[in-house]
Amino acid sequence: GHTVTAGSLEASGGDAAEGSGGSGGNLEFGASYDEGWWTGYQTLGNLEVSGNINLEGGSGTDGGSGGYLDVRWDMEYTTNDQEIIFYGYTNADLSGGDGTTGGGTGGTFELANEYSYHDVGYYGVGGAAINYADLDLSGGDSTLGFGGDSGEFYLETSEYYGEATEGMWAINYGDVTG
């Protein structure tokens, strides 16, 4: 079946009156093939995300770093036309925290749909990785020192000695700030 998350998720770093702000948390969604009971490998469905995600760094003397959001589908021995979809009413904040002497570094957003090895003896392509969400990967501001570096954005689907097929897409429709 499909994996769906619709609730808001927050793992932001805490603010500090003195010292460094806390780093944003790490969030991973993922699945790999499932070997069914006496029936061979079972195909899993799509991963659909529709809630807001906050993994921003906290503020302090030095701002905390933004978090890491990793979404990876690795079906290994089954067909791999499953999609990873971040819908447009999702926003993900992985920004670095603000600081007096230094801003925090923005976080990392990664969506990857890996190729599979089919049980009939050939490699298949990865399914679609589609992002409609607005992402904030910006570094934190600093009043006296350096601002933080922006974060990293990866969106990929893959193949291994195969032919690209319809449905093998890595598409970004969302606004990415960083």
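Phe-86, Phe-109 and Phe-153 form one aromatic cluster. The structure is a predicted model, in which local features require pLDDT of at least 70 and side-chain atom pairs count only at pLDDT 80 or more, whereas totals for chains, interfaces and linings use all residues. Residues are numbered from 1 along each chain as its sequence is written, and side-chain values use heavy atoms, with hydrogens and water left out.

In total, 3 aromatic pairs are present in the structure. For this purpose, rings of Phe, Tyr and Trp (its six-membered ring) pair if their centres lie within 6.5 Å; planes under 30 degrees apart count as stacked, over 60 as edge-to-face and the rest as tilted. The pair of Phe-109 and Phe-153 is stacked, with 5.7 Å from centre to centre and 5° between the planes. Because Phe-109 belongs to strand 13 (residues 108–113) and Phe-153 to strand 18 (residues 152–157), this pair ties together parts that are 44 residues apart in sequence. Strands (E, at least two residues) are DSSP runs numbered from the N terminus. Phe-109 is buried, its relative accessible area being 0%, whereas Phe-153 is partly exposed at 30%. Here, buried means under 20% relative accessible area, exposed over 50%, and partly exposed in between (1.4 Å probe, protein chains only).

A stacked pair is also formed by Tyr-132 and Tyr-173, with 4.8 Å from centre to centre and 15° between the planes. Tyr-132 is located in the loop between strand 16 (129–131) and strand 17 (134–136), and Tyr-173 in the loop between strand 19 (170–172) and strand 20 (176–177), so the pair ties together parts that are 41 residues apart in sequence. Tyr-132 is partly exposed, with a relative accessibility of 36%.

Strands 17 and 20 also take part in an open sheet of 5 strands, which has the order 2-7-11-17-20 and parallel pairing. The edges are occupied by strand 2 (9–10) and strand 20; each has a single partner strand, so one side of each is left without a neighbour in the sheet. Two strands are taken to pair if DSSP finds at least two bridges between them. Within this arrangement, strand 11 (residues 91–93) pairs with strand 17 in the parallel sense over 3 bridges. Ala-92 stands opposite Leu-135 of strand 17.

Strand 13 also contains Asn-113, which is buried at a relative accessible area of 1%. The side chain of Asn-113 reaches the backbone oxygen of Ala-128 at 3.1 Å.

Methods. Helix = DSSP H or I, 4+ residues; strand = E, 2+ residues; numbered from the N terminus. Polar contact = N/O pair within 3.5 Å; in protein donor to acceptor, adjacent residues only side chain to side chain.
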